[in-house]
Amino acid sequence: MLSIEKLVFSFGETPVLKEISLSLEKGQVLSVVGPNGSGKTTLIKCILQFYRPVGGSVWIENRNAAAMKRRELARYLGYVPQNIPSMLPMSVFDTVLMGRSPYLAWTPRDYDMERVSQVLQEMELSHLAFRDIDRISGGQAQKVLLARSLVQDTNYMLLDEPTSSLDLRHQLEILEIVTGLAETRKVGVLLAMHDLNLAARFSHRIVMLRNGEIFCSGKPREVMTPENISQVFGVDAAVQLDNGCLHIHPLKSSTNLRKLHHFREKEDSA
């Protein structure tokens with residue numbers, strides 16, 4: 001189990017995460033949702049130890065992540081960032097091969113090369129293997145980053161807004177691959193998500209953040225309610241169940257609506 005206990009993080013004097021506690025089991029998909037600035041990306045970077053929390057702890061299978069070296073940590077946690085990190089021109093094959101670095105001494109072994117080829121084939125990227133990564137589409141590049149994480153053969157994967165810049169087909173493709181991994185290989189998956197409909201459809205559990213704190217958590221039907229969405233996102237929404245899937249339909253900005261009512265009340269009293 002991946003367990004976060006009362007995690008606290010600040011940028012200088014500005015608190016960003018306030019006593020966050022959650023857990024992720026193998027085979028489970030957990031989505032973290034919330035408005036911009038609520039702490040989703042910061043939470044992932046604290047779990048990865050890119051940022052050092054000022055309080056609380058991260059435990060990976062009963063081991064304190066803060067006491068683990070980065071190379072060792074990379075054998076437990078795979079990471080898919082929002083964007084392709086800037087790097088020298090590199091082929092798709094070599095980019096994915098970087099995911100094997102936690103296991104390499106000096107040069108890749110035959111097994112490492114075979115593992116990369118296997119994942120490229122599974123992800124239907126073999127035809128792009130020797131093309132530079134900066135010469136492929138955004139959807140293809142996101143699949144390459146996912147492939148790089150897959151070859152790490154970790155028990156847990158953390159994905160930061162994996163669908164934010166993708167068209168509908170690639171959004172569904174990425175999330176179907178990820179949830180398939182959770183189901184077939186028992187990988188624990190943590191997703192930072194903006195899209196509430198996708199989060200509701202593909203997650204076993206959802207954590208909703210507001211201002212760096214957990215506002216609520218639970219199964220999608222428990223979390224995705226009109227009341228919660230209004231309080232956290234400032235949007236009035238209808239939530240419907242259709243063919244076993246939740247659908248969130250934004251109606252209007254409740255914040256702007258309150259401002260409009262206040263303005264009309266002032267006009268009426270003038």
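The following paragraphs lead through a predicted model, from its confidence to its sheet and its two largest pockets.

Confidence is the place to begin. The protein has a mean pLDDT of 90, and 92% of its residues reach 70 or more. Two stretches fall below 50. One of them covers residues 259-264, which in the model make zero contacts beyond near neighbours in sequence. The other covers residues 266-270, where the pLDDT is likewise below 50 and contacts beyond near neighbours in sequence are again zero.

The sheet may be considered next. Strands of a sheet pair through backbone hydrogen bonds, in either a parallel or an antiparallel arrangement. Here four strands, in the order β2-β1-β4-β5, form an open sheet with antiparallel pairing. Because β2 (14-24) and β5 (63-64) stand at the edges with a single partner strand each, one side of each is left without a neighbour in the sheet. The partnership of β2 with strand β1 (residues 2-11) is antiparallel and runs over seven bridges. Within this pairing, L7 stands opposite I20 in β2. Helix α1 (residues 40-47) packs on the sheet, where it touches β1, β2 and β4 (55-60). The direction of α1 makes about 115° with that of β1.

Attention now turns to the open space in the model. Rolling a probe the size of a water molecule over the atoms shows where empty space is left. The largest pocket holds about 290 Å³ of space. Its lining consists of 14 residues, and those nearest the pocket centre are F50, A74, L77, Y79 and Q152. Which elements each supply at least two residues of this lining? They are α2 (70-73) and β6 (77-80). The largest share, three residues, comes from β6. By class, the lining of the largest pocket comprises eight nonpolar, four polar and two charged residues.

The second largest pocket has a volume of about 170 Å³. G27 and V29 belong to its lining, together with T179, A182, E183, K186, R201, F202, S203 and H204. Helices α6 (168-185) and α7 (196-202) each supply at least two of the lining residues, and α6 provides the largest share, with three. How do the residues of this lining divide by class, and what is the number in each? Three are nonpolar, four are polar and three are charged.

Note on methods
Residues are numbered from 1 along each chain as its sequence is written. This is a predicted model: local features need pLDDT of at least 70, side-chain atom pairs count only at pLDDT 80 or more; totals for chains, interfaces and linings use all residues. Side-chain values use heavy atoms; hydrogens and water are left out. On a 1 Å grid over the protein atoms alone, a cavity is a set of points where a 1.4 Å probe fits but cannot get out, and a pocket is an open set with protein on both sides within 12 Å along at least five of seven lines; lining residues have an atom within 4 Å of a point. Grid points are joined across faces, edges and corners, and a volume is the space filled by probe spheres set on the points. Ala, Val, Leu, Ile, Met, Phe, Trp, Tyr, Cys and Pro count as nonpolar, Asp, Glu, Lys and Arg as charged, and the others, Gly among them, as polar. Two strands pair if DSSP finds at least two bridges between them. Contact means heavy atoms within 4.5 Å. Axes are lines fitted to C-alpha atoms, for helices over the stretch in contact, and angles run from 0 to 180 degrees between N-to-C directions. pLDDT is the predictor's confidence in each residue, from 0 to 100.
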